Amino acid sequence: MILNSNSSKPIYVQIAEWIETEILSDALQANQKVYSQYQLADMLNINPATAGKGLSLLVDEEVLYKKRGLGMFVSEKAKNIILIRRKNETLAELVGNLVKEAAYLNVSEDELIRLIREEMRRGNEG
């Protein structure tokens, strides 16, 4: 994982999103133990409190759960929670921005849909 210290996105949010992506790609699976805040802090050369804040964010969203004395684990419903949230929030925001930009550029709905389909085809090829 590479943190972007120049991003407007806080480091703890970047950590949470990285763990979410690991879950979506099945690198982390349900009931699998995740890195501790100290492991993350050591790996990423950040303050353990920052790493802990990223993990706590995922606990609050029920993506991770704590086992007393053992650490944090991926919840059974983590992948579904992440998919629903990212579709409803992240994807909706991206589409909103795309539609606004298309309007500024006088791109018709049909042309925009054609561009999206072409991009999706390219994405499926590679």
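**Entry 1: N45 and N31**

I began with N45, which counts as exposed because its relative accessibility is 73%, a value over the 50% that marks the exposed class. I am working from a predicted model, and I keep that in mind for every entry here. I placed N45 in the loop between helix 2 and helix 3, the latter spanning residues 48-60. When I looked up its backbone, I found that phi of N45 is near 55 degrees, a positive value in a residue other than glycine. I noted this since most residues other than glycine have a negative phi.

I then turned to N31, where phi is near 70 degrees, again a positive value in a residue that is not glycine. N31 sits in the loop between helix 1 and helix 2, with helix 2 covering residues 37-44. Its relative accessibility is 37%, so I entered N31 as partly exposed.

**Entry 2: the hairpin**

I next followed the two strands and asked myself in which sense strand 1 and strand 2 pair. Strand 1, residues 64-67, and strand 2, residues 71-74, turned out to be antiparallel, and their pairing runs over 4 bridges. Going along the ladder, I saw that L64 has V74 in strand 2 as its bridge partner, and that K66 stands opposite M72 in strand 2. The two strands make a hairpin with 3 residues between them, and in the turn I found G69 with a positive phi of about 80 degrees.

**Entry 3: aromatic rings**

I looked for rings that pair, and the count came to 2 aromatic pairs. In one of them, the rings of W18 and Y35 have centres 5.8 Å apart and planes at 20 degrees, so I recorded this pair as stacked, the planes being under the 30 degrees that stacking requires. Since W18 lies in helix 1 and Y35 in the loop between helix 1 and helix 2, the pair ties together parts that are 17 residues apart in sequence. I checked the accessibility of both residues: W18 counts as buried at 16% relative accessibility, whereas Y35 is partly exposed, with a relative accessible area of 35%.

The rings of Y65 and F73 likewise have their centres 5.8 Å apart, with planes at 25 degrees, so this pair is stacked too. Here I found Y65 partly exposed, at 25% relative accessibility, while F73 counts as buried, at 9%.

**Entry 4: helix 1 against helix 4**

I then compared the positions of two helices, keeping in mind that two packed helices are described by the angle between their axes and the distance between the axes. The axes of helix 1, residues 11-24, and helix 4, residues 78-104, come within 9 Å and cross at roughly 115 degrees. I noted the handedness of this crossing as left-handed. Which residues of helix 1 meet helix 4? On the helix 1 side I listed E17, E20, T21, I23 and L24, and on the helix 4 side A78, K79, I82, L83, R85 and R86. Sorted by class, the contact holds 5 nonpolar, 1 polar and 5 charged residues.

**Entry 5: two further residues of helix 1**

I looked up Q14, which lies in helix 1, and wondered whether it was buried or exposed. At 10% relative accessibility Q14 counts as buried, below the cut-off of 20%. Setting aside its neighbours within four places in sequence, I found Q14 in contact with M1, I2, L3, N4, S7 and K9.

Y12 is also in helix 1, and I entered this residue as partly exposed, since its relative accessible area is 24%. What caught my attention was the pair Y12 and K53, which are 41 residues apart in sequence and 5.9 Å apart in space, C-alpha to C-alpha. Not counting residues up to four places away in sequence, Y12 touches T50, K53, G54 and L57.

**Entry 6: V107**

My last look was at V107, found in the loop between helix 4 and helix 5, where helix 5 takes in residues 109-125. With a relative accessible area of 23%, V107 is partly exposed. Beyond residues up to four places away in sequence, I recorded that V107 touches A102, L112 and L115.

Note on methods:
Residues numbered from 1 in each chain as written. Predicted model: local features only at pLDDT ≥ 70, side-chain atom pairs only at ≥ 80, totals over all residues. Heavy atoms only, no water. Axes fitted to C-alpha atoms, helices over the stretch in contact; angles between N-to-C directions. Left-handed = near helix turned anticlockwise from the far one by under 90°. Contact = heavy atoms within 4.5 Å. Nonpolar A, V, L, I, M, F, W, Y, C, P; charged D, E, K, R; others polar. Pairing = 2+ DSSP bridges. Buried < 20%, exposed > 50% of the residue type's maximum accessible area, 1.4 Å probe, protein only. Phe/Tyr/Trp six-rings, centres within 6.5 Å; stacked < 30°, edge-to-face > 60°.
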